[in-house]
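Reader: I would like a close look at one part of this model, namely a place where two helices meet. Please take me through it with the terms spelled out.

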Amino acid sequence: MIILPAIDLHEGKCVRLFQGDYSTAKVVAKSPVETARRFEAEGARWLHMVDLDGAKSGKPQNSQLIFEVRESVDLHIEVGGGIRDLKTVEYYLSRGVSRVILGSAALRDPEFVKEAVKKYGKKIAVGIDAVDGKIAADGWTNQSEVDYLELAKRMEEIGVQYLICTDIRQDGTMGGPNLAMLDRLNQAVSCNIIASGGVSSLLDIVALYDLGLYGAIAGKSVYEGALDLRNAIIACQKISGKAAKNRNGVDDELERYFLKSDLIPAIIQEDATGEVLMLAYMNRESLLKSMETGRTWFYSRSRKQLWNKGETSGNFQEIVSISADCDDDTLLVRVNQTGSACHTGSHSCFFKKLQG
């Protein structure tokens, strides 16, 4: 499951609201850029940003601050608030935002959502914001009579892959997420569900993980120190967990390993002896295939294609575990090796001793 720390912007400042009430806005950090850098240092790979003024007015009001953050960190950023047309969608995505969130537009202009999804696919998310199960719009200032499950199913039919669900009564309360609401939604649609509102502790994160959700947004609890972001992220960094409903969800969880390059070095180590057998490179697809099949797949830089270790020789590598280093830019793959690992016939590729 992915943890997305939140930065909500109101009049150029980082704030938190209580139950979506703008009159309760409380400044929680001086600088959005420094806050994002702190979240990155604590292990975050995704950031949730909302232009509160934009949500209310219907057009971006704090976009320049969002772009400053984007240029200052190596994070994937999803942005919501005031995105009501394709021009605004393009405005954000063309400047490095990874995903945009459509809220009021989903309720009032489903054809626009359909067009955006057709053009941008998984870069489009929809906010399902509700009070007592009914959808709220315009920065939560207007209440509709549309049931949240009804809207979610409409969005699923359109092709939306990500839904961000907020029980407004829980937002900013530190009272815990509405688990029953989230579970009903997760069971009702095939979309990846991101929980928002009320997350207050590591126990809440565990509860959301157990529901099989894709992600969780944490705001007030992180700013007030009730939730240790680093520990929450570590607890959820289980690549093979049940959080992702489909391959797209797994893809997103793996994105943190490819922020610096489309290829990541993989050190292959024999599980029984601890001997280093070889070094190869993986891209997103080969890493996914390795995880899915239980055998190592790599990317050949010379042939520019995937290759399965042992496919021609029969010397397969059965994966025992996959670990990432502290910087998330190198993998250690422990394997049970059949036969030799090196094409020369040597058990290990590292047999040319230079010293010692």
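Author: What follows describes a helix pair and then two loop residues.

This is a predicted model, in which local features need pLDDT of at least 70 and side-chain atom pairs count only at pLDDT 80 or more, while totals for chains, interfaces and linings use all residues. Residues are numbered from 1 along each chain as its sequence is written, and side-chain values use heavy atoms, with hydrogens and water left out.

Helix α1 spans residues 32–41 and helix α3 spans residues 63–72, helices being DSSP runs of H or I with at least four residues, and strands runs of E with at least two, numbered from the N terminus. Their axes come within 9 Å and cross at roughly 35 degrees, where axes are lines fitted to C-alpha atoms over the stretch in contact and angles run from 0 to 180 degrees between N-to-C directions. From α1, the contact (heavy atoms within 4.5 Å) is made by Pro32, Val33, Ala36 and Arg37, and from α3 by Leu65, Glu68, Val69 and Ser72.

Turning to the loops, Glu11 lies between β1 (2–10) and β2 (13–18), and this residue has a positive phi of about 55 degrees although it is not a glycine. With 61% relative accessibility, Glu11 counts as exposed, a term that means over 50% relative accessible area, against under 20% for buried and partly exposed in between, with a 1.4 Å probe and protein chains only. Asp132, in the loop between β7 (124–131) and β8 (134–137), also is not a glycine and has a positive phi, near 55 degrees, and Asp132 is exposed at a relative accessible area of 60%.
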